[in-house]
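Trainee: I would like a close look at a single part of this model. Please take one helix and go through it slowly, with its surroundings.

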Amino acid sequence: MNQVKCQRCGKVIELNAKTARKKIKCPHCNLIMKQDKKTDRRLMFAKFAYVFAFILIVSLIYSLFREVIDDLFSIVIILIAGLVSAGTSDFVADLLVFKIFGKSYIKSDD
Ligand SMILES: [Zn+2]
């Protein structure tokens, strides 16, 4: 659980992995808040670390089977690995940051 204090009404908003989106709305006063810069930076770092780890693991597995895989097939594997890691990185980074650090929010301008 992640708790955020509303910056307008001061009430505590309980967040879980599903409700902790980029922007949240206070259920008490409807104030819209967005993730602060610290949370954004952590998300960027988590995304980078995840893609890096993903590629590293795929490369390791690939190097074990290099002799039995032909060139065309290896290109396909690398392409799919890139697509899968890019396609899941937002979701995974979001979950990691939420679970490890929790998210903090500031009042949104728009
Ligand atoms: Zn509020």
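Mentor: What follows is a walk along helix α2, then its partner helix and the rest of the chain. This is a predicted model, in which local features need pLDDT of at least 70, side-chain atom pairs count only at pLDDT 80 or more, and totals for chains, interfaces and linings use all residues. Residues are numbered from 1 along each chain as its sequence is written.

Helix α2 covers residues 71–100 and has a kink of about 50 degrees, centred on serine 89. The bend at a residue is the angle between axes fitted to the seven residues ending there and the seven starting there. Helices (H or I, at least four residues) and strands (E, at least two) are DSSP runs, numbered from the N terminus.

How exposed is serine 89, at the centre of the kink? Serine 89 has 18 C-beta neighbours inside 10 Å, so it counts as partly exposed. The scale is as follows: a residue is buried if 20 or more other C-beta atoms lie within 10 Å of its own, exposed if 12 or fewer, and partly exposed in between, with C-beta atoms placed from the backbone. Leaving aside neighbours within four places in sequence, serine 89 is in contact with Lys47, Tyr50 and Val51. Contact here means that the C-beta atoms of two residues, placed from the backbone, lie within 7 Å. Leucine 43 is 46 residues from serine 89 in sequence, and the two are 9.7 Å apart in space, C-alpha to C-alpha.

Further along α2, Ala93, Asp94, Val97 and Phe98 are buried. The cover over the buried residues of α2 includes β1 (2–5) and α1 (37–64). After α2 comes glycine 102, with a positive phi near 80 degrees.

Now the partner helix. The axes of α1 and α2 come within 8 Å and cross at roughly 150 degrees; axes are lines fitted to C-alpha atoms, for helices over the stretch in contact, and angles run from 0 to 180 degrees between N-to-C directions. The two helices are therefore roughly antiparallel to each other. On that scale, angles under 35 degrees count as roughly parallel, over 145 as roughly antiparallel, 65 to 115 as roughly perpendicular and the rest as oblique. Residues of α1 that meet α2 include Leu43, Lys47, Tyr50, Val51 and Ile55. On the α2 side, the residues that take part include Ile77, Ala81, Ser85, Ser89 and Ala93.

Two isoleucines of α1 can be set side by side. Isoleucine 55 is found in α1, and with 14 C-beta neighbours inside 10 Å it counts as partly exposed. Beyond neighbours within four places in sequence, isoleucine 55 is in contact with Ala81 and Ser85. Glutamate 67 is 12 residues from isoleucine 55 in sequence and 19 Å from it in space, C-alpha to C-alpha. Isoleucine 57 is also in α1, but counts as exposed, with 12 C-beta neighbours inside 10 Å. Histidine 28 and isoleucine 57 are 29 residues apart in sequence and 45 Å apart in space, C-alpha to C-alpha.

As for the whole chain, the protein has two helices and five strands, in the order β-β-β-β-α-α-β along the sequence. The radius of gyration is 19 Å, well over the 13 Å that the globule rule gives for 110 residues, so the protein is more spread out than a compact globule. That radius is taken over C-alpha atoms, and the rule is 2.2 Å times the number of residues to the power 0.38. The C-alpha atoms fill a box of roughly 65 × 25 × 20 Å along the principal axes. Buried residues make up 16% of the 110 residues.
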